[in-house]
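The following note collects several points on a structure submitted for comment. Please read the points alongside the sequence and the coordinates shown here.

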Amino acid sequence: MHNFKDKELVPVAINRALSLLYAVPSEVTNPRMTAKMLANVLEDGEPQCEEFLPASNEELIQKCTRHKELEEEIFKKVNKGNDPYEPIRHNLDEKIVSQIRALKLVGIYFEDELVRFYPQR
């Protein structure tokens, strides 16, 4: 696309290489621990328990609640026994992928995926 202000070409769309995080539940040896560790990374290490938060700080309590909900959602996916494939999160960047890989969780894998990005939006 042509930018008429400075007469430069501007990309209309860009493909970005991101990752899909998925589990093979039959390989996950400790579903509860796996869910807790994944939730910690995917929620940017937000506090895990309301007891560490001041009761008056509603925003932090909401973050903690979202963290627990995410952990429970992941637990349900990785605890499906004989399920051969369970997607957990799409569009992860390399920073998050590296953090999760460093955990060396059994039964947790990544798949490359191309995502269309529109810079002008």
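1. Glu 94 belongs to helix α3, which covers residues 94-103. In this predicted model, Glu 94 also contributes to a negative surface patch, together with Asp 93, Glu 111 and Asp 112. Membership of such a patch requires a relative accessible area over 30% and no salt bridge, so each of these four acidic residues satisfies both conditions.

2. A further acidic residue deserves separate comment. Glu 43 is placed in the loop that links α1 (31-42) to α2 (58-78). Although Glu 43 is buried, no salt bridge is formed by this residue. The nearest side chain of opposite charge belongs to Arg 66, at 4.6 Å. A salt bridge is counted only within 4 Å, so the pair Glu 43 and Arg 66 does not qualify. Once neighbours within four places in sequence are set aside, the contacts of Glu 43 are with His 67 and Leu 70.

3. Two backbone angles should be inspected. As a rule, most residues other than glycine have a negative phi. Asn 91, however, has a positive phi, near 60°. This residue is part of strand β4, which comprises residues 86-92. Is Asn 91 buried, partly exposed or exposed? Its relative accessible area is 44%, and Asn 91 is therefore classed as partly exposed.

4. The second case is Lys 104, a residue other than glycine whose phi is likewise positive, near 55°. Lys 104 is located in the loop between α3 and β5, the latter spanning 108-117. With a relative accessible area of 71%, Lys 104 is exposed; the threshold for that class is over 50%.

5. As to the overall architecture, the protein contains three helices and five strands. Read from the N terminus, the order of the elements is β-β-β-α-α-β-α-β. Among contacts with a separation of 6 or more, 74% join residues 24 or more positions apart.

6. Which share of the residues is buried? Of the 121 residues in the protein, 33% fall in the buried class, for which the relative accessible area must be under 20%. The exposed surface of the protein comes to about 8,200 Å², and 51% of that area is supplied by carbon and sulfur atoms.

Notes. Residues are numbered from 1 along each chain as its sequence is written. This is a predicted model: local features need pLDDT of at least 70, side-chain atom pairs count only at pLDDT 80 or more; totals for chains, interfaces and linings use all residues. Side-chain values use heavy atoms; hydrogens and water are left out. Patches are made of residues with over 30% relative accessible area and no salt bridge: like charges are joined within 9 Å, nonpolar side chains (Val, Leu, Ile, Met, Phe, Trp, Tyr) within 5 Å. Accessible areas come from the Shrake-Rupley method with a 1.4 Å probe; for residues, only the protein chains shown count as cover. Lys and Arg count as positive and Asp and Glu as negative; His and the chain ends are not counted. The place of a charge is taken as NZ of Lys, CZ of Arg, CG of Asp or CD of Glu. Helices (H or I, at least four residues) and strands (E, at least two) are DSSP runs, numbered from the N terminus. Buried means under 20% relative accessible area, exposed over 50%, partly exposed in between (1.4 Å probe, protein chains only). Contact means heavy atoms within 4.5 Å.
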